[in-house]
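Q: Got a minute to go through this one with me? I'd like to get a feel for how it's put together.

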Protein chains: 2
Amino acid sequence: MGLGLVAHLVRLGVLSSTSDHASVVSINLFVALLCACIVLGHLLEENRWVNESITALIIGLCTGVVILLTTKGKSSHILVFSEDLFFIYLLPPIIFNAGFQVKKKQFFRNFMTITLFGAVGTMISFFTISLGAIAIFSRMNIGTLDVGDFLAIGAIFSATDSVCTLQVLNQDETPLLYSLVFGEGVVNDATSVVLFNALQNFDLNKIDVAVVLKFLGNFCYLFLSSTFLGVFAGLLSAYIIKKLYIGRHSTDREVALMMLMAYLSYMLAELLDLSGILTVFFCGIVMSHYTWHNVTESSRVTTKHAFATLSFIAETFLFLYVGMDALDIEKWEFASDSCSPGKSIGISSILLGLVLVGRAAFVFPLSFLSNLTKKTPLEKITWRQQIVIWWAGLMRGAVSIALAYNKFTRSGHTQLHGNAIMITSTITVVLFSTMVFGMMTKPLIRFLLPACSNTVTSEPSSPKSLHSPLLTSMQGSDLETAAANIVRPSSLRMLLSKPTHTVHYYWRKFDDALMRPMFGGRGFVPFSPGSPTEQSTHDGR
Amino acid sequence: MGLGLVAHLVRLGVLSSTSDHASVVSINLFVALLCACIVLGHLLEENRWVNESITALIIGLCTGVVILLTTKGKSSHILVFSEDLFFIYLLPPIIFNAGFQVKKKQFFRNFMTITLFGAVGTMISFFTISLGAIAIFSRMNIGTLDVGDFLAIGAIFSATDSVCTLQVLNQDETPLLYSLVFGEGVVNDATSVVLFNALQNFDLNKIDVAVVLKFLGNFCYLFLSSTFLGVFAGLLSAYIIKKLYIGRHSTDREVALMMLMAYLSYMLAELLDLSGILTVFFCGIVMSHYTWHNVTESSRVTTKHAFATLSFIAETFLFLYVGMDALDIEKWEFASDSCSPGKSIGISSILLGLVLVGRAAFVFPLSFLSNLTKKTPLEKITWRQQIVIWWAGLMRGAVSIALAYNKFTRSGHTQLHGNAIMITSTITVVLFSTMVFGMMTKPLIRFLLPACSNTVTSEPSSPKSLHSPLLTSMQGSDLETAAANIVRPSSLRMLLSKPTHTVHYYWRKFDDALMRPMFGGRGFVPFSPGSPTEQSTHDGR
């Protein structure tokens with residue numbers, strides 16, 4: 001996959017007359033680059049600075065340069081960022097897989113902190129960035145930006161890149177930080193999108209208490225209904241697969257049904273103007289807790305790895321895409337027409353600074369609040385961990401770019417100066433934060449928390465010997481073992497001192513008594529008449 | 001997923017103002033219908049008449065009716081057949097999976113017969129249908145069709161529907177018939193597409209020997225280079241995965257690389273104007289023979305089932321799509337403007353008749369030829385089997401529709417009478433042949449070959465106990481056991497009497513001595529240091 005081939009393909013694609021042929025060329029180019037990313041990512045696996053996202057981003061940038069050189073700076077319009085592609089095809093598998101593979105024990109144990117960070121924190125970050133932007137940008141001469149635009153900037157730059165976070169933190173090495181930062185990232189994505197959509201619909205000229213209350217009510221409604229839809233879709237899939245025992249005839253139908261139901265939940269949420277991200281995330285959690293246990297063993301292995309693979313391809317594609325799109329010459333030219341390069345760098349730096357301050361403004365106070373509710377020092381978030389949480393959530397990614405495109409290229413006023421500058425600044429912030437902050441996260445963790453990377457890997461995890469060797473690392477039993485091992489409420493004092501564990505205990509009772517007999521789950525799988533042979537005869541459909 | 005919901009969604013979709021929203025609605029509709037197809041297909045599994053394709057087709061038709069009723073016969077333009085969607089996204093996973101799962105022993109043992117049927121047979125069918133169409137249609141008054149159009153009709157209706165064939169015949173019950181009919185279908189698809197493309201480029205006014213020779217040379221070139229590209233892509237993937245041992249860090253990368261390399265081979269073939277179908281089919285065969293053995297055990301289970309699932313979803317989607325598209329009211333109205341319903345039915349019946357005759361014209365003579373080369377009566381294709389081969393290949397599917405759209409709606413002359421009639425006739429033939437011929441194939445096989453469905457299931461297959469229980473039905477070792485068990489050439493007489501087996505024997509020697517040490521394969525997997533634990537720690541990336 002040398003650069004020569006790429007250059008040749010690009011020339012073919014740009015020079016080709018029919019749109020049909022051009023799409024074939026660009027698909028070829030993308031697939032070849034994806035293969036290159038995978039191979040390079042494998043070779044650089046041991047490297048402490050670079051991760052897969054950064055590799056993909058750099059390859060994307062290089063390809064962008066080659067395209068620019070090949071076409072002599074003229075055209076790069078086969079590589080324009082498409083919001084639809086991002087929100088309809090790339091994001092759902094990534095977020096679903098995150099829900100499907102998340103360690104449920106950690107996630108639910110820190111549920112309150114995660115929600116606090118993700119919802120309240122994003123609000124704080126949003127207000128900080130918006131106010132800062134109003135204070136600073138309104139004094140600079142950068143075209144016509146109104147209050148709505150400044151608030152949109154707040155929402156755009158409050159969206160943490162949960163995809164990149166996944167690659168920087170390791171679920172096995174730093175489980176607490178992973179679940180906090182990643183869980184926050186998911187809730188944060190949802191909050192940003194909800195905020196952004198709410199802002200689009202509100203009349204911003206008359207802000208009073210009623211509007212703010214309506215806004216909060218709207219937010220809670222979206223949060224709860226999105227979660228409910230995801231849980232419902234997950235439970236429905238579990239019920240159908242358990243009741244009809246679909247694996248009896250074909251394992252492919254089970255896998256297909258799980259995939260399609262998850263995607264349906266996302267698309268339904270989008271249709272009903274809910275947050276598809278939250279919906280598909282909770283659908284993933286429910287599916288891994290119930291549905292996954294109802295399918296045949298082959299399907300379990302398949303779903304686990306197939307979902308991870310799809311998510312992996314989507315992630316790599318995304319970063320490649322952002323990297324290539326970053327060099328789209330038209331918008332840079334337009335932005336440089338209207339303001340000097342120095343000013344453009346200034347704006348990007350100010351935005352980066354606001355991002356840094358906006359995140360600090362909620363991570364440290366909210367960690368302090370969260371620590372107040374914890375009794376034992378072990379459970380508290382240490383000062384060093386707080387720095388890592390602050391740092392690891394600084395990356396801005398494709399959600400920011402998608403929102404920026406949505407806001408600043410729509411409804412005809414694409415050609416305004418302020419809008420072009422905002423888009424190029426967003427791209428600069430995304431590239432800089434992903435590359436620089438992303439590269440420095442792993443070394444920072446090693447520097448601040450040297451113990452983590454060595455000791456925590458040997459934590460006592462779920463009883464592995466019970467599973468087949470192929471499924472050792474599956475997290476399906478986390479929730480149960482957590483509840484079973486830790487929560488034995490011998491006294492009322494215990495109950496009061498560990499409220500989260502108590503909720504776990506009652507949830508477990510409810511789960512065992514009502515949910516699992518109905519929807520399946522570990523220990524409640526349907527009876528399979530002579531499953532291995534039964535399977536093999538029907539397999540080859 | 002009641003009809004009420006569907007009707008509501010359709011109304012939403014058709015009435016919605018933005019194209020964005022409409023695409024969300026149609027995706028929702030399609031995904032919900034896919035889920036319904038899967039559940040219904042499961043419930044109807046035991047039924048002897050209906051199979052999954054027919055279920056999907058009928059659900060598609062019903063949805064089409066609901067759409068027509070809901071919009072009061074006005075609009076159904078969110079459901080127009082798109083060639084790109086078909087050739088770029090739906091066909092590759094289906095054909096790749098067919099190559100990946102095909103029983104290689106049977107396929108290569110019958111390789112000569114398959115090529116004879118697929119290449120020569122399709123040519124015979126093409127000439128029969130073309131000449132028949134010229135003879136009959138030129139006497140009827142159906143618009144302006146020239147010689148090129150008649151030849152295109154021949155190519156369009158020579159394309160067997162290999163997808164539907166897969167569902168009608170059972171690989172375990174009738175292995176010989178399956179490999180013959182399906183293998184023929186793949187080669188036939190390729191031949192039709194190649195024929196069709198060759199016809200588009202030739203100047204049809206001056207046909208002489210030189211043109212025919214050039215055409216044949218072109219065909220051989222396409223056939224060989226497509227096969228070579230597929231084999232090359234498969235071997236490259238095997239080499240990369242073996243050499244770099246990608247499974248060491250992440251099983252997802254292996255699966256992703258296999259998927260992407262296979263897709264890349266297809267798209268490269270399309271880019272180079274080769275036959276993508278042939279390329280990806282051979283890529284699948286090579287990947288299952290080499291690459292599949294180089295990956296970790298989890299990846300093996302995953303690829304086997306994930307490819308099957310993707311192919312299954314694509315197939316179901318395809319039939320749903322064809323069913324919905326069939327009722328697109330515009331073209332029917334246009335066709336009925338220009339000729340009476342009776343005439344339209346007449347044309348479709350004539351085409352169906354030509355399809356029947358065209359297939360009979362090569363199945364029986366070529367079976368006779370093929371039988372001449374076989375020595376033992378057991379290897380010969382019996383009279384009853386010939387009828388089944390003839391019948392099972394009568395179905396026409398999405399390839400025909402895609403080719404018809406390509407020919408008759410392009411280059412501006414969409415609005416000609418003859419073209420509209422040809423498209424509606426193609427749809428009629430596809431629907432009728434898939435439903436009626438498809439429904440009658442299973443009962444026909446039971447009637448003609450009652451022994452097959454009982455005895456052949458217990459055929460001595462590959463040594464299952466060597467594999468893990470999850471992989472019992474994988475066909476990976478077919479080729480080797482076939483060669484090892486049967487071919488022990490004790491004398492020259494044996495060698496001469498069984499030329500196919502002799503080729504197998506030498507192939508096996510070559511494979512063991514050169515190919516497998518280089519590209520991996522069964523018995524040549526790379527060393528994995530403590531694989532189960534190694535795997536589990538790196539799994540959860």
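A: Sure, let's go through the fold, the contact between the chains, and a few single residues.

Q: Before we start, what kind of model is this?
A: This is a predicted model, so keep in mind that side-chain atom pairs count only at pLDDT 80 or more.

Q: OK. How many helices and strands are there in chain A?
A: Chain A has 23 helices and 0 strands.

Q: And how much of chain A counts as buried?
A: Of its 541 residues, 59% count as buried.

Q: What share of the contacts in chain A comes from residues 24 or more positions apart?
A: Taking contacts in chain A with a separation of 6 or more, 83% of them are between residues 24 or more positions apart.

Q: Let's move to the interface. How many residues does each chain put into the contact?
A: Chain B supplies 69 residues and chain A supplies 70 residues.

Q: What's the area buried between chain B and chain A?
A: About 6100 Å², and carbon and sulfur atoms give 67% of that.

Q: Which elements of chain B do the touching?
A: The ones that give two or more residues to the side facing chain A are helix 2 (19–43), helix 4 (83–101), helix 10 (209–244), helix 11 (251–271), helix 13 (297–325) and helix 23 (531–539) of chain B. Helix 2 of chain B gives the most, with 16 residues.

Q: How does that side of chain B split by class?
A: You get 35 nonpolar, 18 polar and 16 charged residues on the side of chain B that touches chain A.

Q: With charged residues there, how many salt bridges are counted between chain B and chain A?
A: The count between the two chains is 0 salt bridges. For polar contact, 8 residue pairs turn up across the interface of chain B and chain A, with both residues at pLDDT 80 or more.

Q: How are the two copies related?
A: A turn of 180° with a shift of 0.0 Å along the axis lays chain B on chain A, with an RMSD of 0.0 Å. The two copies are therefore related as by a two-fold rotation axis.

Q: Which residue of chain B comes closest to the rotation axis?
A: That's Thr302(B), with its C-alpha at 2.1 Å from the axis.

Q: Why say the copies meet through the same surface?
A: Because 99% of the interface residues of chain B are also interface residues in chain A.

Q: Back to salt bridges. What's the count over all chains?
A: Over all chains it comes to 8 salt bridges.

Q: Any that link distant parts of a chain?
A: Yes, Arg359(B) forms a salt bridge with Glu184(B), and their closest N and O atoms are 2.8 Å apart. Arg359(B) sits in helix 15 (residues 341–373) of chain B and Glu184(B) in helix 9 (residues 175–201) of chain B, 175 residues apart.

Q: Are those two buried or exposed?
A: Arg359(B) and Glu184(B) are both buried.

Q: What about a pair within one helix?
A: Take Asp512(A) and Arg508(A), whose side chains meet in a salt bridge at 3.5 Å, N to O. Both lie in helix 22 (residues 499–519) of chain A, 4 residues apart, about one turn of the helix.

Q: Why does that spacing suit a pair?
A: An α-helix has 3.6 residues a turn, so residues three or four places apart point the same way.

Q: How accessible are they?
A: Asp512(A) is partly exposed, with a relative accessible area of 28%, and Arg508(A) is partly exposed too, at 26%.

Q: Which residues are linked with them in a network of salt bridges?
A: The network links Arg508(A), Asp511(A), Asp512(A) and Arg516(A).

Q: New topic: where is Ser237(A)?
A: Ser237(A) is in helix 10 (residues 209–244) of chain A. Ser237(A) is buried, with a relative accessible area of 1%.

Q: What does Ser237(A) touch?
A: Leaving out residues up to four places away in sequence, Ser237(A) touches Met261(A), Met287(A) and Thr291(A).

Q: Last one: how many residues of helix 17 of chain B are buried?
A: 11 of the 11 residues of helix 17 (residues 398–408) of chain B are buried, so that helix is largely enclosed by the rest of the structure. The buried residues include Lys407(B), Asn406(B) and Tyr405(B).

Note on methods: Residues numbered from 1 in each chain as written. Chains lettered and ligands numbered in written order. Heavy atoms only, no water. Contact = heavy atoms within 4.5 Å. Buried area = accessible area lost by both parts, 1.4 Å probe. Salt bridge = Lys/Arg side-chain N within 4 Å of Asp/Glu carboxyl O. Polar contact = N/O pair within 3.5 Å; in protein donor to acceptor, adjacent residues only side chain to side chain. Nonpolar A, V, L, I, M, F, W, Y, C, P; charged D, E, K, R; others polar. Least-squares fit on C-alpha atoms with pLDDT ≥ 70 in both. Buried < 20%, exposed > 50% of the residue type's maximum accessible area, 1.4 Å probe, protein only.
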